Amino acid sequence: MKLTLDNDAITDDFFSDTRLIGIMAPIKNYQFCWQLNNLLGFNFRLDTEIDKQLRKKNRQYFFSVYQHEENNFLKYYLFHNHCDGEYLLPEFKHLDFLLLMKGDYVDDVNCSHIVTTIKSISSVQMVAELTNEKIRNKEHLVF
């Protein structure tokens, strides 16, 4: 008997309670985290255990992931979308960062507050919420 993983089911389960925000901000990831920490009162820290690793063209690409835990139920993950000319989500090459809110339900008011605060950062050029239907490579964000 051969067992296979159902990647679609795993991905759907992972994204069942999430919100994803795409951010265009051409600055260093540690500088962006520092600004988010100051403005939103977050405590983003680099989480090397869940760094995303992709293999393309016989090369390994590592995408930094920062984590902030609001409470036991709500966690924020900040993904750096590019590494040496490759992209974690190639369909969103124009985005520098992806902010994933996972766990407890994030209502529209709270999400809107976060988006507005991120837009107030001087180096941010664009902020947009991404729907699950728009993301073709969702499995790249699953950990």
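Helices and strands are here taken as DSSP runs, helices having at least four residues and strands at least two, and both are numbered from the N terminus. On this footing the predicted model contains three helices and ten strands. Read from the N terminus, the order of the elements is α-β-α-β-β-β-β-β-β-β-β-α-β. Of the 143 residues in the chain, 48% are buried. Contacts often reach far along the sequence: among those between residues at least 6 apart, 64% join residues at least 24 apart.

Helix 2 is a good place to begin a closer look. This helix takes in the twelve residues 29-40, and at 1.5 Å a residue a span of 16 Å is expected; the C-alpha atoms at its two ends are indeed 16 Å apart, so the expected and modelled lengths agree. Six residues of helix 2 are buried, namely Asn29, Phe32, Cys33, Leu36, Asn37 and Leu40. Because these residues cover an arc of only 140° around the axis, they lie on the same side of the helix. The other side of helix 2 carries the exposed residues Tyr30 and Trp34.

The buried residues of helix 2 have several packing partners. They pack against four strands, which are strand 1 (18-24), strand 5 (65-69), strand 6 (74-80) and strand 9 (97-103), and also against helix 3 (108-119). One of these buried residues, Cys33, has a relative accessibility of 3% and therefore counts as buried. Tyr30, also placed in helix 2, has a relative accessibility of 51%, and so falls in the exposed class, for which the cut-off is over 50%. Although Tyr30 and Tyr66 are 36 residues apart along the chain, 9.2 Å separates their C-alpha atoms. Just after helix 2 comes Gly41, a residue with a positive phi, near 75°.

Among the strands that meet helix 2, strand 9 deserves a paragraph of its own. Six of its seven residues are buried, so strand 9 is largely enclosed by the rest of the structure. Strand 9 pairs with strand 1 in the antiparallel sense, through six bridges, and with strand 6, again in the antiparallel sense, through seven bridges. Single residue pairs show how these strands line up. Ile23 has Phe97 of strand 9 as its bridge partner, while Leu100 of strand 9 stands opposite Tyr77. As a rule, side chains in a regular strand alternate between the two faces of the sheet.

Cysteine pairing can be dealt with briefly. The count of disulfides comes to zero, a pair being counted when the cysteine sulfur atoms are within 2.5 Å. Besides Cys33, a second cysteine can be described: Cys83 has a relative accessibility of 15%, which is under 20%, and therefore counts as buried.

Charged side chains add a further set of links, with four salt bridges in the structure. In one of them Glu129 is joined to Arg19, and the closest N and O atoms are 2.7 Å apart. This pair ties together distant parts of the chain, since Glu129 belongs to strand 10 (residues 126-130) and Arg19 to strand 1, 110 residues apart. The two partners differ in exposure: Glu129 counts as partly exposed because its relative accessibility is 34%, whereas Arg19, at 15%, counts as buried.

Another salt bridge is formed by the side chains of Asp84 and Arg59, with an N to O distance of 3.1 Å. Here too, distant parts of the chain are linked: Asp84 lies in the loop between strand 7 (82-83) and strand 8 (86-87), and Arg59 lies in strand 4 (residues 59-63), 25 residues apart. Asp84 is exposed, its relative accessible area being 60%, while Arg59, with a relative accessibility of 40%, counts as partly exposed.

A salt bridge also joins the side chains of Lys75 and Glu69, at 3.9 Å from N to O. Both partners are partly exposed, Lys75 with a relative accessible area of 24% and Glu69 with one of 40%. Finally, salt bridges with shared partners connect Arg19, Asp108 and Glu129 in one network.

Definitions and conventions. Residues are numbered from 1 along each chain as its sequence is written. This is a predicted model: local features need pLDDT of at least 70, side-chain atom pairs count only at pLDDT 80 or more; totals for chains, interfaces and linings use all residues. Side-chain values use heavy atoms; hydrogens and water are left out. The expected span of a helix is 1.5 Å times one less than its number of residues. Buried means under 20% relative accessible area, exposed over 50%, partly exposed in between (1.4 Å probe, protein chains only). The arc is that of the directions from the helix axis to the C-beta atoms. Contact means heavy atoms within 4.5 Å. Two strands pair if DSSP finds at least two bridges between them.
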